Amino acid sequence: MKRPRRAPPAPLPVLGLLLLGALPGLWTVLLRREAVAQQEPEPRPPPAPFPGRWGWGRSPAARGEPGGGGQKTFRALLAVPAAGQEERGGEGRFAAAGSSAPADAASPVERGIFWSRELEQQVPPGFAAEEAAAWLSAARAARVSSLEQGGCGRSSNRLARLSDGSRACVRYGINPEQIQGEALSYHLAGVLGMQERLPPMALALVEARGRQWEPVREELRGSHWAEGAVVSLTRWVDNLTAVVAPAPWGAEGGAGRRLQPLSAGELGGLPASQLVELVQWSDLILFDYLTANFDRLVSNLFSLQWDPRVMRRATSNLLRAPDGGLVFMDNEAGLVHGYRLLAMWDPYNEPLLRSVCVFREGTARRVAELHRRRSAAAELRRRYRAREPLWARLGFLSERQAELLQARVDFVHRHIAHCRAQAAVL
């Protein structure tokens, strides 16, 4: 009689036996992974808010890097340093975003488009009106003790030491309209209420045998300045340092990208130092649009087509004082010269203006008055004639230039109204 065959083992017990045999190997793998994990650093905290768009960049020289570093995006180039580090521009320092608290718990913007009063009170005072008036009076009366080359831009300019011990940059224009533009831009800043951002400037008449220039008669011969030429004397300021454009003007300006507006919704989490500088930048961009000045940020943007790293470098004709205040230097491209070249430079100046939708309330109020009264040229002429004894030597704007100034004031006024309307629906 045949014995009955045993049934084969069920599949589940067999699978269980296999898993039991594999457990030692799995346990070994898990132990190794745990050991590796213990050697790895803890995850880094998330980056500070808006590090790319609202970061503040430094030039390669400031970072100790060679100028031709590897390819990077503009967002990376303008990112803030890591938390705990500081942005150093000479003696002007900016803490990285996230390393200090914002200016106030309250919003830095009031009524949608105006910098708050508390924030404006933190802006460095610049050149006070009384101080500027005292220097201008002294400079006009002083004699020029010496003239030196270097430190004042073009090779035709000179650094002058005056008999009262102060120093001044003497600018000799390639043509008279550059000195005229410098003078008119200075006084337009006064009309707009932002003259404290420009160093005091006066006109002077070059006369080798005159009392003011007699001590430097020999130096004048070597300068090749024309007798009777009108030059500008601009107060020399020590310890100024370079300024790199912050985003969005740096980060969004190249490769055909459209500039994104500086608006209230983009300012959350920024430390006080950055907000204070943005207040000054908003005035600068508005001022450069009105004067059609192409020799500042506009020239940097223009150069992007052949120099993709230009926004990493210093902004032309813009410097920072030790207290953090911006100094709007060398405005000779404004108004007269700039108005002749509108077709070339307005494709850059106009988008820059549209990129700003937060303003100093005082600036917006003055623009509104000039628009309502249609008095931009008249106000400028009145101030220029009252405060510059040599105004007649260079003359004033032509009728066409005066019309252009008013038209640009009107455009700025409409832009501010557009920003107000946009803020109302947000």
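1. Is helix α6 mostly covered or mostly uncovered? In this predicted model, α6 is mostly covered, with 16 of its 17 residues buried. Buried here means under 20% relative accessible area.

2. The length of α6 can be checked by simple arithmetic. The helix takes in residues 176-192, and at 1.5 Å a residue its 17 residues should span 24 Å. The C-alpha atoms at its ends are 24 Å apart, so the expected and modelled values agree. Just after α6 comes G193, which has a positive phi of about 80°.

3. Next, the sheet. It is open and has five strands, in the order β5-β6-β7-β9-β8, with antiparallel pairing. The edge strands are β5 (144-148) and β8 (201-205), each of which pairs on one side only. On average, neighbouring strands are turned by 30° against each other, direction ignored.

4. Strand β9 covers residues 230-235. With β7 (residues 167-171), β9 pairs in the antiparallel sense over four bridges. One position to find in the structure is A168, whose bridge partner in β9 is R235.

5. Strand β8 is joined to β9 by five bridges, and these two strands also run antiparallel. Here L205 stands opposite V230 of β9. Strand β9 is mostly covered: five of its six residues are buried.

6. A reader tracing side chains along these strands may use a general rule. In a regular strand the side chains alternate between the two faces of the sheet.

7. Helix α5 (residues 129-141) lies across four strands of the sheet, namely β6 (158-162), β7, β8 and β9. The helix runs at about 135° to β9.

8. Which residues touch the most other members of the largest nonpolar core? They are W115, W213, W249, W281, L335 and L405, in a core of 102 residues. Helix α8 (residues 272-291) gives the largest share of this core, eleven residues.

9. L335 is worth a separate look. Leaving out residues up to four places away in sequence, L335 touches L184, S185, L188, L290, T291, L380, L397 and L405. Among these contacts, L184, S185 and L188 belong to α6 (residues 176-192), while L290 and T291 belong to α8 (residues 272-291). As a general point on helices, there are 3.6 residues a turn, so residues three or four places apart point the same way.

Definitions and conventions. Residues numbered from 1 in each chain as written. Predicted model: local features only at pLDDT ≥ 70, side-chain atom pairs only at ≥ 80, totals over all residues. Heavy atoms only, no water. Pairing = 2+ DSSP bridges. Axes fitted to C-alpha atoms, helices over the stretch in contact; angles between N-to-C directions. Contact = heavy atoms within 4.5 Å. Expected span 1.5 Å × (residues − 1). Buried < 20%, exposed > 50% of the residue type's maximum accessible area, 1.4 Å probe, protein only. Core = buried A, V, L, I, M, F, W, Y, C linked by side-chain atoms within 4.5 Å.
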